[in-house]
Amino acid sequence: MSEVWLNKIAWNDDGLVPAIAQDADTGEILMVAWMNREALRKTADLGEAVYWSRSRKKLWHKGEESGHTQKVLEIRTDCDEDVILLKIIQTGGIACHTGRKSCFFQKLDGQEWATVEPVLKDPHEIYRK
Ligand SMILES: N=c1c2ncn([C@@H]3O[C@H](COP(=O)(O)OP(=O)(O)OP(=O)(O)O)[C@@H](O)[C@H]3O)c2ncn1[C@@H]1O[C@H](COP(=O)(O)O)[C@@H](O)[C@H]1O
Ligand SMILES: [Mg+2]
Ligand SMILES: [Zn+2]
C-alpha cells in the first residue's frame, strides 16, 4: 500500500499523534484530540475529522452523537511531523461537548482558571445522557 505519507508521522509510543482542530475561517483553536494511523487515514478519506478516543479506545468520528461534525479543508503536519493540524468548518458552531464553541474556554486569571466563553447549547440537549 502506498502509505508513505502515514509513515512520515512521528507516532508516539501509543501509536498516537495530537491533532489540533482550527477554525478554517477565523484561525481559532477549537479542540485538541488524538489520532492513530487509522483515524488519520479515515479523516483524509472522509474529509471529516476522525479521532482516536483514548478512554473509549475506539475510533471517534467527531459528531457521531452530537451531529457536530468537522469538515476538513486542509490537513497539515509540523516540521518534525509530531502534530497534526486540521483546518476545519465546525458544524453547528460547537466543537466542545460542554456546549461551547471551543474547548479552550478556561483562562488563567491570577491564580485561578476563569471560564471566559459562553455555553451556546445545553449539553443535555446535545447528548442524551
Ligand atoms: N464530544 C466530545 C468532545 N468534543 C471535544 N472534545 C475534546 O477532545 C478531547 C479528546 O481527547 P481525549 O483523548 O481526552 O478523549 P477521550 O477522553 O478519550 O474522550 P471521552 O472519554 O471524554 O469521550 C477532549 O479532551 C476534549 O477536550 C471532546 N471529548 C469528548 N467528547 C465525547 O465524545 C462523545 C461523542 O461526542 P460527539 O463526537 O460530539 O458526537 C461524547 O461522549 C462526548 O462527551
Ligand atoms: Mg478526555
Ligand atoms: Zn471540550
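## Helix α2, a zinc site and a pocket

The buried residues of α2 are covered by elements that include α1 (4-7), β2, β3, β4, β5 and β6. Keep in mind as you look around that this is a predicted model. From α2 and its cap, the tour moves to a zinc ion held by Cys96 and Cys103, then to Lys101, the second largest pocket and some backbone angles.

**Helix α2 and its ends**

- Within α2, the buried residues are Ala39, Leu40, Arg41 and Thr43.
- Asn36 sits in the loop that runs between β2 and α2 (37-46).
- The N-terminal end of α2 is capped by Asn36, with a side-chain oxygen 3.3 Å from the backbone nitrogen of Glu38.
- The Asn36 side chain also reaches the backbone nitrogen of Ala39, at 2.8 Å, and Ala39 is itself among the buried residues of α2.
- Is Asn36 buried or exposed? Asn36 counts as buried because its relative accessibility is 15%, and the cut-off for buried is under 20%.
- Not counting residues up to four places away in sequence, Asn36 touches Trp11, Gly15, Leu16, Trp52 and Leu59.
- Just after α2, Gly47 has a positive phi of about 75°.

**The zinc site**

- Which atoms coordinate the zinc ion (ligand 3)? They are the SG atoms of Cys96 and Cys103, at 2.2 Å.
- Cys96 is buried, at a relative accessible area of 3%.
- Cys103 counts as partly exposed, because its relative accessibility is 30%, with partly exposed falling between the 20% and 50% cut-offs.

**Lys101**

- You will find Lys101 in the loop between β6 (84-90) and β7 (106-109).
- Its relative accessibility is 32%, so Lys101 counts as partly exposed.
- The side chains of Lys101 and Glu28 are joined by a polar contact of 2.8 Å.
- Beyond its neighbours within four places in sequence, Lys101 is in contact with Asp23, Glu28, Leu30, Gly93, Ile94, Ala95, Cys96 and Leu120; of these, Cys96 is a zinc ligand.
- Lys62 lies 39 residues from Lys101 in sequence, and their C-alpha atoms are 14 Å apart.

**The second largest pocket**

- The second largest pocket holds about 200 Å³ of space.
- Two elements give two or more residues to its lining: β2 (29-35) and β3 (50-53).
- β2 supplies the largest share of that lining, with 4 residues.
- Its lining consists of Met31, Val32, Ala33, Trp34, Trp52, Ser53, Arg54, Ser55, Arg56, Trp60 and Cys103.
- By residue class, the lining of the second largest pocket has 7 nonpolar, 2 polar and 2 charged residues.
- Two lining residues also appear elsewhere in this briefing: Trp52 lines the pocket and touches Asn36, while Cys103 lines the pocket and coordinates the zinc ion.

**Positive phi outside glycine**

- Most residues other than glycine have a negative phi.
- Which phi does Lys57 take? Lys57 is not a glycine, yet its phi is positive, at about 50°.
- Lys57 is placed in the loop between β3 and β4 (58-61), and it counts as exposed because its relative accessibility is 60%.
- Glu81, again not a glycine, has a positive phi of about 55°.
- The loop between β5 (70-77) and β6 is where Glu81 is found.
- Whereas Lys57 is exposed, Glu81 is buried, with a relative accessible area of 18%.

Conventions. Residues are numbered from 1 along each chain as its sequence is written. Chains are lettered from A and ligands numbered from 1 in the order in which they are written. This is a predicted model: local features need pLDDT of at least 70, side-chain atom pairs count only at pLDDT 80 or more; totals for chains, interfaces and linings use all residues. Side-chain values use heavy atoms; hydrogens and water are left out. Buried means under 20% relative accessible area, exposed over 50%, partly exposed in between (1.4 Å probe, protein chains only). Contact means heavy atoms within 4.5 Å. A polar contact is a pair of N or O atoms within 3.5 Å; within protein, one must be able to donate a hydrogen and the other to accept it, and residues adjacent in sequence count only if both atoms are side-chain atoms. Donors are N, O and S atoms within 2.8 Å of the metal (3.2 Å for Na, K and Ca); water is not among the atoms, so sites may look incomplete. On a 1 Å grid over the protein atoms alone, a cavity is a set of points where a 1.4 Å probe fits but cannot get out, and a pocket is an open set with protein on both sides within 12 Å along at least five of seven lines; lining residues have an atom within 4 Å of a point. Grid points are joined across faces, edges and corners, and a volume is the space filled by probe spheres set on the points. Ala, Val, Leu, Ile, Met, Phe, Trp, Tyr, Cys and Pro count as nonpolar, Asp, Glu, Lys and Arg as charged, and the others, Gly among them, as polar.
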